[in-house]
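Please look through the structure shown below, beginning with how its helices lie against its sheet and then turning to its aromatic rings.

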Amino acid sequence: MQVDLLGKTTVITGGSSGIGLAAAKLFLSCGAQVAICGRNEERLQSAGDILGEPAGDRLLLHQADVLDAADMKIFATCVKNRFGGTDMLVNNAGQGRVSTFADTSDDAWHEEFTLKHFGVIYPTRAFLPMLEHASAPSIVCMNSLLAVQPEPHMVATSSARAGLLNLVHSLAKELAPKGIRVNSILLGLVESGQWRRRYEEANPSGQSFEEWIREVARTKNITL
Ligand code: NDP
C-alpha cells in the first residue's frame, strides 16, 4: 500500500539515526516534505547522504537539541520559512538509560526525566502554532513498552516513560478540540544506532552483534 503524502510536511526530531532516519526515508518515499533535527552535525550530514537525491528540496536538515527551547523555536522558524508550516510532528529524539535503582544517581534521574518530558514539551510547544493551522494535524510520540512493562535494569527510563505516556494522554485530550491527533508508539526492541552503541559498550568477547542481540531478546522473553 502506498500512502500519498504529497504536499504534506512532517517534522521528525532525532531523524539522523535509527527509527527517526527510517521514518524520514518512508515519509519522503510517500512524497512528503521532511524536516529532521539532531545534535551532531556529522550524523545529520550522513543522514542527508543516505536520504540523498530523491529527497531533493523536500528535505531540511537542522542541527538542534530538543532540550533547548530556543533551538526548537529556531527549528520551527526554519520549517515555516522553508515549507510554510507542518502537518505532522514526530517526537522521536532520545535514548534509554541502562541502570538499576542502586546505581542511578540523582543527576541521572533528573537527566532521564528531563529528556523524556522536555524532549516532547519543547518541540510540541514550538510547532503547535503551525499544527493548529494544518488541515489534519498529528503528533506522534515515540515511547517504549517500558512505560507499561518496567524493567529493573532500566529503572529510570521505565519510570520516565510511564510519565510521558501519561502526558501524551493529557495532550491528546487537550488538543482534540483543535483537531490535533496525538498518539504514542510503545516500541519493543528495534535495531538502531542505540543498540549498536550498547553492543560496543558491552564489548562481549567473541560475540557478533546478531548473537548478542538474540541474547538480549531472550532475556526479554522475545522468543523469535
Ligand atoms: P538512535 O540512537 O539510533 O537515534 C536517536 C536519534 O535521536 C539520533 O538522530 C540522535 O542524534 C537524536 N537525538 C538524541 N538526543 C537528542 C537531543 N537531545 N536533541 C536532538 N536529537 C537528539 O535511537 P533509536 O532510533 O533507537 O531511538 C529513537 C527513539 O525510540 C528514542 O526516543 C528511543 O528512546 C526510543 N526507543 C527505541 C527503542 C529501540 O529498541 N530502538 C525501544 C524503545 C524506545 P544526535 O545524537 O546527533 O542528537
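In this predicted model, helix α1, which spans residues 18-29, lies across β1, β2, β3, β4 (88-91), β5 (138-144) and β6, and its direction makes about 170 degrees with that of β1. Helix α3 also packs on the sheet, where it touches β1, β2 and β3 and runs at about 160 degrees to β3.

The sheet on which these helices lie is an open one of six strands, arranged in the order β3-β2-β1-β4-β5-β6 with parallel pairing. Its edges are formed by β3 (59-63) and β6 (181-187), each of which pairs on one side only. Ignoring direction, neighbouring strands of the sheet are turned against each other by 15 degrees on average. Within the sheet, strand β1 (residues 9-13) and strand β2 (residues 33-38) run parallel and are joined by five bridges, and Thr13 has Cys37 in β2 as its bridge partner.

The aromatic rings come next. A pair of aromatic rings is described by the distance of the centres and the angle of the planes. With centres within 6.5 Å as the criterion for a pair, the model contains eight aromatic pairs. In one of them, the ring centres of Phe75 and Phe127 are 5.3 Å apart and the planes stand at 85 degrees; because planes over 60 degrees apart count as edge-to-face, this pair is edge-to-face. Since Phe75 belongs to helix α3 (residues 69-83) and Phe127 to helix α4 (residues 106-131), the pair ties together parts that are 52 residues apart in sequence. Phe75 is buried, with a relative accessible area of 0%, and Phe127 is likewise buried at 0% relative accessibility.

Another pair is made by Tyr199 and Trp212, whose rings are 5.7 Å apart from centre to centre, with 55 degrees between the planes, a tilted arrangement. Tyr199 lies in helix α6 (residues 193-202) and Trp212 in helix α7 (residues 209-219), so here the pair ties together parts that are 13 residues apart in sequence. Because residues under 20% relative accessible area count as buried, Tyr199 is buried at 19%, and Trp212 is buried at 13%.

Tyr199 and Trp212 also belong to a cluster in which ring pairs link them with Trp195 and Phe209. Charged side chains sit over rings of this cluster: the charged end of Arg196 is placed over the ring of Phe209, 3.8 Å from its centre, while that of Arg198 is placed over the ring of Trp195, 4.4 Å from its centre.

Key. Residues are numbered from 1 along each chain as its sequence is written. This is a predicted model: local features need pLDDT of at least 70, side-chain atom pairs count only at pLDDT 80 or more; totals for chains, interfaces and linings use all residues. Side-chain values use heavy atoms; hydrogens and water are left out. Rings of Phe, Tyr and Trp (its six-membered ring) pair if their centres lie within 6.5 Å; planes under 30 degrees apart count as stacked, over 60 as edge-to-face and the rest as tilted. Helices (H or I, at least four residues) and strands (E, at least two) are DSSP runs, numbered from the N terminus. Buried means under 20% relative accessible area, exposed over 50%, partly exposed in between (1.4 Å probe, protein chains only). A charge sits over a ring if NZ of Lys or CZ of Arg is within 6 Å of the ring centre and within 35 degrees of the ring normal. Two strands pair if DSSP finds at least two bridges between them. Axes are lines fitted to C-alpha atoms, for helices over the stretch in contact, and angles run from 0 to 180 degrees between N-to-C directions. Contact means heavy atoms within 4.5 Å.
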